[in-house]
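Me: I have a structure to work through. Let's take it one question at a time.

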Amino acid sequence: MAQHLDFGLDTFGDITAGPDGRPLSHAQVIRNVIEQGVRADELGVDAFGVGEHHRADFAVSAPEVVLAAIAGRTKRILLGSAVTVLSSDDPIRVFQRFSTLNAASNGRAEVTVGRGSFTESFPLFGYDLSQYEVLFEEKLDLFAALLKADTVTWEGRRRPPLTVFPPIESGSLRTWVGVGGSPESVVRAARYDLPLALAIIGGDPKRFRPYVDLYHRAFAQFGRPVKPIAVHSPGHVADTDAQAREEYWTGYKAMHDNIGAERGWPPLGRAQFNQEVESGALYVGGPETVARKIAATAKALGLSRFDLKYSAGTLAHEKMMHCIELYGSKVVPLVREMLA
């Protein structure tokens with residue numbers, strides 16, 4: 001039987017370089033992200049995700065507003081967050097914002113909720129970082145309740161019974177739980193009966209197979225059918241393998257080293273970069289190379305969806321647009337052929 005796989009594109013709205021080599025303004029990057037989402041829809045890509053960050057090197061702090069702008073210019077593509085930092089937000093407001101997006105887009109909204117790999121939102125919104133895990137657990141509990149009922153009585157905090165508007169017009173709000181590699185997070189997603197989105201940003205993707213098996217075992221123990229599994233991984237598509245590596249290297253290294261300086265990582269070397277491209281989590285190359293790697297990951301992990309995080313530091317808007325073009329017109333058909 002052929003394996004069905006949906007295809008997405010994700011961006012964090014990285015601050016990119018303009019034609020003169022200078023960084024573009026945050027406002028221009030947001031306008032470029034909208035153009036990228038519109039082009040993805042025209043090419044038949046299944047989903048477009050925008051991440052939430054609160055720092056100088058990323059332009060998007062309110063994904064649902066950017067997604068709403070894309071919704072007004074598109075017809076069919078799913079529009080979601082990649083991810084929404086639920087720990088430092090209010091679950092009711094998250095639900096309201098995405099249910100509003102869902103209405104505006106005729107049912108095309110989805111949300112991926114996570115703890116977030118960056119922590120700037122915690123002090124920004126007055127949360128104690130020491131409560132990192134507890135905040136997410138409690139807020140996900142309320143958010144999951146909102147997905148299932150019109151009226152919710154909540155005991156985690158002192159809230160009266162609540163009815164949230166606008167309600168989802170039909171069905172439920174598509175919701176994924178984003179996980180970076182914690183077994184507890186995998187089981188938590190299964191406990192709430194929610195699909196799993198694995199963020200695989202380094203190392204051999206097949207090393208995540210134990211998390212997939214754990215997710216299946218958890219659903220078996222809960223006596224429910226397993227939900228879909230997606231992978232979010234970085235990459236870039238160009239006309240040839242060599243061109244893709246050269247285009248991607250500069251921006252990816254700059255982003256890696258900037259974040260690494262905050263986290264104590266050593267600078268990225270070219271050998272490490274090449275290893276990630278050849279056998280790790282970077283999907284960088286010409287269309288056939290990237291398609292083969294996506295197909296191999298989809299088979300190894302039993303995926304229902306693959307999302308390529310196509311933005312990378314200063315990588316120029318024009319190169320990202322060409323990547324989107326090749327992804328939608330060549331990579332996606334090739335992967336579908338391979339999986340058939």
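Me: Which residues of α10 are buried?
Reply: Keep in mind that this is a predicted model. Helix α10 covers residues 287–301. Buried means under 20% relative accessible area. In α10 the buried residues are P287, V290, A291, K293, I294, A295, T297, A298 and L301.

Me: How far does α10 reach from its first C-alpha to its last?
Reply: The helix has 15 residues. At 1.5 Å a residue, 21 Å is expected. The reach of α10 is close to that, at 21 Å.

Me: Which residue follows α10, and what is the sign of its phi?
Reply: Look just after the helix. The residue there is G302, and its phi is near 65°. That sign is positive.

Me: Over the face of which residue does K293 lie?
Reply: K293 is one of the buried residues of α10. It lies 5.1 Å from a ring centre. That ring belongs to Y283.

Me: Which ring does the charged end of R263 sit over?
Reply: R263 falls within helix α8, residues 241–263. Its charged end is 4.7 Å from the centre of a ring. The ring is that of F118.

Me: Why is the pair of Y252 and F273 called tilted?
Reply: The model has 13 aromatic pairs. In this one, the ring centres are 6.1 Å apart, and a pair needs centres within 6.5 Å. The planes meet at 45°, neither under 30 degrees for stacked nor over 60 for edge-to-face, so the pair is tilted.

Me: How many residues apart in sequence are the parts that this pair ties together?
Reply: Y252 lies in helix α8. F273 lies in helix α9, residues 270–279. The parts tied together are 21 residues apart in sequence.

Me: Are Y252 and F273 buried or exposed?
Reply: The two rings belong to one aromatic cluster, together with Y248 and W249. For Y252 and F273 alike, the state is buried.

Me: Which element gives the largest share of the lining of the largest cavity?
Reply: The largest cavity has a volume of about 50 Å³. Two elements give two or more residues to its lining: α1 (26–42) and α11 (317–339). The largest share is four residues, and it comes from α1.

Me: How many residues in the lining of the largest cavity are polar?
Reply: The lining includes T11, N32 and H317. By class, three residues are nonpolar and one is charged. The polar count is seven.

Me: Which residues lie nearest the centre of the second largest pocket?
Reply: This pocket holds about 310 Å³ of space. Its lining has 19 residues, and α5 (132–148) and β8 (174–179) each supply at least two of them. Nearest the centre are L173, R174, T175, W176 and P195.

Me: Where is the cis peptide bond that ends at P166, and in which loop does P166 lie?
Reply: The bond runs from F165 to P166, with omega near -5°. P166 itself lies in the loop between β7 (162–163) and β8.

Me: Is N106 buried or exposed?
Reply: N106 sits in the loop between α3 (91–104) and β5 (109–114). Its phi is positive, near 60°, in a residue other than glycine. Its relative accessibility is 68%, and the cut-off is over 50%, so N106 counts as exposed.

Definitions and conventions. Residues numbered from 1 in each chain as written. Predicted model: local features only at pLDDT ≥ 70, side-chain atom pairs only at ≥ 80, totals over all residues. Heavy atoms only, no water. Phe/Tyr/Trp six-rings, centres within 6.5 Å; stacked < 30°, edge-to-face > 60°. Buried < 20%, exposed > 50% of the residue type's maximum accessible area, 1.4 Å probe, protein only. Lys NZ or Arg CZ within 6 Å of the ring centre and 35° of its normal. 1 Å grid on protein atoms, 1.4 Å probe; cavity = no way out; pocket = protein on both sides within 12 Å on 5 of 7 lines; lining within 4 Å. Points joined across faces, edges and corners; volume = space filled by probe spheres on them. Expected span 1.5 Å × (residues − 1). Nonpolar A, V, L, I, M, F, W, Y, C, P; charged D, E, K, R; others polar.
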